[in-house]
Amino acid sequence: MTTITRDEWLAEFERVLKSHALGDEGLSVAEISASTGVSCKTVCLRLNKIRHRLIVGSKFALRLDGRPTYIPCYQIKPEA
């Protein structure tokens, strides 16, 4: 497994956020995982490490059974 630093992960996350057309929602863990090529578990662990820089929201999605639900989504706070 390749080890990357927190700053490298943060830069990659910012790149992924900028590459997607976003409203006010952000990206879900699954979307970040698909864009970066790492597992959802790894994404959650890395998001936890940068939680002080995150804006957490929710967005509408359909579950596997077709019912509507809201899922958490993430954006990075602008640097002050």
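**Exercise 1. Find which residues of helix 3 are buried in this predicted model, and work out how they sit around the axis.**

Start with the burial. Within helix 3, the buried residues are Val 43, Arg 46 and Leu 47. Next, look down the axis: these residues take up an arc of only 105°, so they end up on the same side of helix 3. The general rule helps here: an α-helix has 3.6 residues a turn, so residues three or four places apart point the same way.

Now flip to the face turned away from that buried side. There you'll meet Lys 41, Leu 45 and Lys 49, which are exposed. Finally, ask what does the covering. The buried residues of helix 3 are covered by elements including helix 1, helix 2, strand 1 and strand 2.

**Exercise 2. Do the same for helix 1, and check its span against the expected value.**

Take the span to begin with. Helix 1 has 14 residues, and at 1.5 Å a residue it should span 20 Å. The C-alpha atoms at its ends are 20 Å apart, so the two agree.

Then the buried set: Trp 9, Leu 10, Phe 13, Val 16 and Leu 17. Their arc around the axis is only 125°, which puts them on the same side of helix 1. Over on the other side, Asp 7, Lys 18 and Ser 19 are exposed. As for the cover, helix 2, helix 3, strand 1 and strand 2 are among the parts that lie over the buried residues of helix 1.

**Exercise 3. Describe the largest nonpolar core: how many residues does it have, and which elements supply at least two of them?**

Count the members: the core has 14 residues. The ones with the most contacts inside it are Phe 13, Ile 32, Leu 47, Ile 50 and Leu 54. Now sort by element. Helix 1 (6-19), helix 2, helix 3 (40-49) and strand 2 (68-76) each give the core at least two residues. Helix 1 has the largest share, with five residues.

Then zoom in on one of the well-connected members. If you skip residues up to four places away in sequence, Ile 32 touches Trp 9, Phe 13, Leu 27, Val 43 and Leu 47. Check that list against the earlier exercises: Trp 9 and Phe 13 are buried residues of helix 1, while Val 43 and Leu 47 are buried in helix 3.

**Exercise 4. Track down the salt bridges. How many does the structure hold, and which residues join into one network?**

The total is three. Begin with the pair Lys 59 and Glu 31, whose side chains meet at 2.7 Å, N to O. Lys 59 belongs to strand 1 (residues 54-62) and Glu 31 to helix 2 (residues 29-36), so this bridge ties together parts 28 residues apart in sequence. For burial, use the cut-off of under 20% relative accessible area for buried: Lys 59 has 9% and counts as buried, whereas Glu 31, with 30%, is partly exposed.

Next comes Asp 65 with Arg 63, again a salt bridge, at 2.7 Å, N to O. Asp 65 is partly exposed at 48%, and Arg 63 is partly exposed at 39%. Asp 65 also bridges to Arg 67, at 3.9 Å, N to O. Arg 67 comes out as exposed, at 53%. Put these two bridges together and you get the network, since they share partners: Arg 63, Asp 65 and Arg 67.

**Exercise 5. Is Ser 28 buried or exposed, and what does it contact beyond its sequence neighbours?**

Locate Ser 28 first: you'll find it in the loop between helix 1 and helix 2. Its relative accessibility is 7%, so Ser 28 counts as buried. Now leave aside neighbours within four places in sequence. What remains is Lys 59, Ile 71, Pro 72 and Cys 73. Lys 59 should ring a bell from the salt bridge with Glu 31.

**Exercise 6. Find the aromatic pair and describe its geometry.**

There's one pair to look for. Phe 60 and Tyr 70 make it, with 6.1 Å centre to centre and 70° between the planes, which is edge-to-face. Place the partners: Phe 60 is in strand 1 and Tyr 70 in strand 2, so the pair links parts that are 10 residues apart in sequence. To finish, check accessibility: both Phe 60 and Tyr 70 are exposed.

Methods: Residues numbered from 1 in each chain as written. Predicted model: local features only at pLDDT ≥ 70, side-chain atom pairs only at ≥ 80, totals over all residues. Heavy atoms only, no water. Salt bridge = Lys/Arg side-chain N within 4 Å of Asp/Glu carboxyl O. Helix = DSSP H or I, 4+ residues; strand = E, 2+ residues; numbered from the N terminus. Buried < 20%, exposed > 50% of the residue type's maximum accessible area, 1.4 Å probe, protein only. Core = buried A, V, L, I, M, F, W, Y, C linked by side-chain atoms within 4.5 Å. Contact = heavy atoms within 4.5 Å. Arc of directions from axis to C-beta. Expected span 1.5 Å × (residues − 1). Phe/Tyr/Trp six-rings, centres within 6.5 Å; stacked < 30°, edge-to-face > 60°.
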